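Please look over the chain shown below before reading on. The report that follows takes up its surface, its overall fold, its core and a few of its loop positions in turn.

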Amino acid sequence: MKKWEFMLIIAMLKMIYLNNNGQVTIKEAKKAGYKMPITSDHWLYKYMHDGDGMVGE
């Protein structure tokens, strides 16, 4: 991953991540405009996954 890609992900997470519990919640992702479900191929999945390959189903 290039430095600019990392910085972009960090900036995007700061806009989404509101409650400081260690994971982006479904509520936070929806509020930021992301549609559910989020699957394992989505960049946000690794910050909110529950281990089955899909969140918000």
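## Surface

In this predicted model, the chain has an accessible surface of about 4300 Å², and 59% of that surface belongs to carbon and sulfur atoms. Part of the surface is a nonpolar patch of about 350 Å², to which Met 1, Phe 6 and Met 7 contribute. Met 1 lies in the segment that comes before helix H1, which spans residues 3-16, and with a relative accessible area of 66% Met 1 is exposed, since the cut-off for that class is over 50%.

Lys 3 belongs to helix H1 and is likewise assigned to the exposed class, its relative accessible area being 67%. Between the C-alpha atoms of Lys 3 and Lys 46 there is a distance of 18 Å, the two residues being 43 positions apart along the chain.

## Overall fold

The chain contains two helices and two strands, and read from the N terminus these elements follow the order α-α-β-β. The radius of gyration is 11 Å, close to the 10 Å that the globule rule gives for 57 residues, so the chain is as compact as a globular protein of that length.

Taken along the principal axes, the box filled by the C-alpha atoms measures roughly 30 × 25 × 20 Å. Of the 57 residues in the chain, 19% are buried, a class that requires under 20% relative accessible area. Among contacts with a sequence separation of 6 or more, 21% are made by residues that lie 24 or more positions apart.

## Nonpolar core

Which residues make up the largest nonpolar core? This core has 10 residues in all, namely Ile 9, Leu 13, Ile 16, Val 24, Ala 29, Ile 38, Leu 44, Tyr 45, Met 48 and Val 55. Helix H1 supplies the largest share of the core, with three residues.

Leu 44 is one of the core residues, and its contacts can be listed once neighbours within four places in sequence are set aside: Leu 44 then touches Leu 13, Ile 16, Val 24, Ala 29, Tyr 34 and Ile 38.

## Loop between the helices

Gly 22 sits in the loop that links H1 to helix H2, the latter covering residues 26-31. With a relative accessible area of 58%, Gly 22 is exposed, because a value over 50% places a residue in that class. Gly 22 and His 49 are separated by 27 residues in sequence, while their C-alpha atoms are 11 Å apart in space.

## Loop between H2 and S1

Gly 33 is placed in the loop between H2 and S1, and at 55% relative accessibility Gly 33 counts as exposed. Measured by position along the chain, Gly 33 and Lys 3 are 30 residues apart, and the C-alpha to C-alpha distance between them is 25 Å.

Pro 37 also has its place in the loop between H2 and strand S1, the strand being formed by residues 38-39. The peptide bond joining Met 36 and Pro 37 is cis, with omega at about 0°.

## Loop between S1 and S2

Where is Ser 40 found? Ser 40 occupies the loop between S1 and strand S2, which runs over residues 54-55. When residues up to four places away in sequence are not counted, Ser 40 touches Tyr 45 and Gly 53, and Tyr 45 is itself listed in the largest nonpolar core. The C-alpha atoms of Ser 40 and Gly 51 are 9.0 Å apart, with the two residues separated by 11 positions along the chain.

Key. Residues are numbered from 1 along each chain as its sequence is written. This is a predicted model: local features need pLDDT of at least 70, side-chain atom pairs count only at pLDDT 80 or more; totals for chains, interfaces and linings use all residues. Side-chain values use heavy atoms; hydrogens and water are left out. Patches are made of residues with over 30% relative accessible area and no salt bridge: like charges are joined within 9 Å, nonpolar side chains (Val, Leu, Ile, Met, Phe, Trp, Tyr) within 5 Å. Accessible areas come from the Shrake-Rupley method with a 1.4 Å probe; for residues, only the protein chains shown count as cover. A salt bridge is a side-chain nitrogen of Lys or Arg within 4 Å of a carboxyl oxygen of Asp or Glu. Helices (H or I, at least four residues) and strands (E, at least two) are DSSP runs, numbered from the N terminus. Buried means under 20% relative accessible area, exposed over 50%, partly exposed in between (1.4 Å probe, protein chains only). A nonpolar core is a set of buried Ala, Val, Leu, Ile, Met, Phe, Trp, Tyr and Cys residues joined through side-chain atoms within 4.5 Å. Contact means heavy atoms within 4.5 Å. The radius of gyration is taken over C-alpha atoms; the globule rule is 2.2 Å times the number of residues to the power 0.38.
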